[in-house]
Amino acid sequence: MKPIYVIGHRNPDTDSICSAIAYAHLKNQVGEHAKAARAGGLNAETRYILKYFNEPWPELVDDFYPRARDVMILPPETVRPEDTLWKLGQIISGANIKSIPVLAPDGSFAGIVSVGDLAKRFFAEMASLDFSQTGATFRSVLEVVNGKVLAGEQNLGSTLEGRLKIAGSSLEVIEKSFSPGDIVLVGDRYDVHELCIRIKVSAIILTGSGGNISQDSLAAAAAAGIVVIRCPYDTYTSARLLTQSIPVKAVMQKDVVAFSPNDLLQDVKERILDTHFRNYPVLEKNRLAGMINRNSLIMSEQQKVILVDHNERSQAVEGIEYAKITEIIDHHRLGGLSTNEPIFIQQEPVGCTATIIAGMYWNKNIYIPPKIAGLLLSAILSDTVLFKSPTTTSKDKSTAQKLATIAKLDIKEHGMQLLKEGADLSKQPPHEIIRQDMKEFQLGRYRISASQVYVMDNTQLPPLRADLEKVLGDLLRQENYNLSLLMVTNIMSGDTDLLAVGPAQRIIQHAFDLEPENNVYHLRGMLSRKKQLIPPLALAVQELST
């Protein structure tokens, strides 16, 4: 059963990661199978927090586009190239399946064999009964006829090269039609036994309950290297069974249409529609990962997802429209995501998603372990910038205090340390600074990206400004944004230097009545992107559009 993924926004911050981990833990405590995930790399602050609490990084999910692995199943049976068609028939009959993957002895994928392949070979062999080029061995003959070796045991591994002959005619006719190397089905006709030895057939198969042979003939056959097998079936049944001694490798399809687990399901569907097979192998490094039945493509199971710390399509992981959103836990504005059916939404006007999740633990009377309490506390201190952000509420503060008691942490000491870990821009490449906490917003007809980083003083931006401006410009062109912004927020002073690139800067100028200096707007008293930057920009867009 697939887990429900609990995942935050793209370019996740500490709240996105810690809330996903904590909420996945909560869901598991109430009996649901949930797993924390992330939609991007981790920033320095978040890496520090996870290391501090010895918490593994959540699984990286690049997208939710359905892939081959989402519809593949493990085959109920496999066969080896050397297995006989008789064994194949037993498996097909017992498991009621139409095709079976063939795996080499080392486990690598060798091909596929189907009921159709079996039928084609059966009719071909019934027409000619020529075993040359089939690869069948005397050992496989012994298996399918349930026989006992009387002579020539040393030759059981040899392949059959002749034709199958039935000794049902007169001795004169037999002498004219039999050839060296043939495989002969015969009863207790001692004269035919002697003739076969003289002709030097490769095998004598004694059929029926009366299939005896003289000791002299048996000794002569052994001396000539002729294999002698006694089987319990009549001649007709034995002949039918012998056609099934051929190995699977003689009939299997080697050149097959195959997919990899990561192939997009849409591409898989298109390829399947162009072909006529019933089942398709999914291979990973030439190892069988699973099989896809063409009927399974009609309705593939959607991945269930819980969104935390966001609810806008532009901020969600790619392919979210193919997933089944079951819950949203968030503290931001409503962003227009739609679902096909009603879902559970917990949305509160607080400073951090972790505040909401901690409350859900307590409302359900679920114990919060110290590690989870520490992660939730860290998220609150990060998102509220140690309660300095205007988004901070009394609930954030009271929740943080309770979590600090459980985790046995000093709020100020822990908060300053985690903020300090993420505040040194000199240790981060420019593209990481821009991407580590970037969100996308649609304001009217404008697409805007807004990133935010925190610093302890005003000395970090100037030496990096040119490089950061170039990265913002590249981002603007690649993603076709109207504005790309970077908030460099001073934790100590509570002010922000807003670096802006793009043709729509008049929105900023209108919103804050400011002119830039080298594309930098100095915004005093601004800490919050959510509450202090985006709302004025949205209002400016409205006013400039009227």
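Colleague: Threonine 496: buried or exposed?

Modeller: Buried. In this predicted model, threonine 496 has a relative accessible area of 1%, and the cut-off for buried is under 20%.

Colleague: Which strand is that in?

Modeller: Strand 19, which covers residues 496–501.

Colleague: And what does threonine 496 touch, leaving out residues up to four places away in sequence?

Modeller: There are two runs of contacts to look at. Threonine 496 touches Met487, Val488 and Thr489, and also Tyr521, His522, Leu523, Met526 and Leu527. Take histidine 522: it sits 26 residues from threonine 496 along the chain, and their C-alpha atoms are separated by 6.2 Å.

Colleague: OK, switching to glycine 225. Where is that one?

Modeller: In the loop that links helix 9 (215–224) to strand 10 (227–230). Glycine 225 counts as partly exposed, with 25% relative accessibility.

Colleague: What is glycine 225 in contact with, beyond its neighbours in sequence?

Modeller: Gln154 and Asn155, once you set aside neighbours within four places. For a sense of distance, the C-alpha atoms of glycine 225 and alanine 24 are separated by 71 Å, and those two are 201 residues apart along the chain.

Colleague: You mentioned strand 10. Which sheet order includes it?

Modeller: Strand 10 belongs to an open sheet of five strands, ordered 6-10-9-8-7, and the pairing is mixed. At the edges are strand 6 (148–151) and strand 7 (164–166), each pairing on one side only. From one strand to the next, the twist averages 25°.

Colleague: How many bridges are there between strand 7 and strand 8?

Modeller: Three, and the two strands pair in the parallel sense; strand 8 is residues 183–186. As one example, lysine 165 has valine 184 in strand 8 as its bridge partner.

Colleague: What lies across strand 8?

Modeller: Helix 8, residues 190–199. It lies across both strand 8 and strand 9 (203–206), and it runs at about 160° to strand 9.

Colleague: Which residues of helix 8 are buried?

Modeller: Val192, His193, Leu195, Cys196, Ile197 and Ile199. Their cover includes helix 7 (171–177), strand 8, strand 9 and helix 9. Right after helix 8 comes lysine 200, with a positive phi near 70°.

Colleague: Cysteine 196 caught my eye. Why no bond to cysteine 231?

Modeller: Distance. Cysteine 231 holds the closest cysteine sulfur, but it is 14 Å from the sulfur of cysteine 196, so that is too far for a bond. A disulfide would need the sulfur atoms within 2.5 Å. Cysteine 196 is buried too, at a relative accessible area of 0%.

Colleague: How many disulfides does the count come to?

Modeller: Zero. Cysteine 18 is in no disulfide either, and the nearest cysteine sulfur, in cysteine 352, is 8.5 Å away. Cysteine 18 also counts as buried, with 0% relative accessibility.

Colleague: New topic, the six-strand sheet. What order do its strands take?

Modeller: The order is 3-2-1-13-14-15, in an open sheet with parallel pairing. Strand 3 (59–60) and strand 15 (344–347) are the edge strands, pairing on one side only. Strand 1 (residues 4–10) and strand 2 (residues 34–39) run parallel and are joined by five bridges. Isoleucine 4 is opposite alanine 34 of strand 2.

Colleague: Which strands does helix 1 lie across?

Modeller: Helix 1 (residues 14–29) lies across strand 1, strand 2, strand 13 (304–308), strand 14 (324–330) and strand 15, and it runs at about 165° to strand 2. Helix 12 packs on the sheet as well, touching strand 13, strand 14 and strand 15, with its direction at about 100° to that of strand 14.

Colleague: Last one, helix 14. How far apart are its end C-alpha atoms?

Modeller: They are 20 Å apart. Helix 14 has 14 residues (394–407), and at 1.5 Å a residue these should span 20 Å, so the two agree.

Colleague: And which residues of helix 14 are buried?

Modeller: Asp396, Thr399, Ala400, Leu403, Ala404 and Ala407. Down the axis of helix 14, the buried residues fall within an arc of 140°, so they line one face of the helix. That fits the geometry of an α-helix, with 3.6 residues a turn, so residues three or four places apart point the same way.

Colleague: What covers those buried residues of helix 14, and what is exposed on the other side?

Modeller: The cover includes helix 12 (353–363), helix 13 (370–383) and helix 15 (411–421). Ser394 and Thr405 are exposed on the other side of helix 14. Just after helix 14, lysine 408 has a positive phi of about 60°.

Definitions and conventions. Residues numbered from 1 in each chain as written. Predicted model: local features only at pLDDT ≥ 70, side-chain atom pairs only at ≥ 80, totals over all residues. Heavy atoms only, no water. Pairing = 2+ DSSP bridges. Helix = DSSP H or I, 4+ residues; strand = E, 2+ residues; numbered from the N terminus. Axes fitted to C-alpha atoms, helices over the stretch in contact; angles between N-to-C directions. Contact = heavy atoms within 4.5 Å. Expected span 1.5 Å × (residues − 1). Buried < 20%, exposed > 50% of the residue type's maximum accessible area, 1.4 Å probe, protein only. Arc of directions from axis to C-beta.
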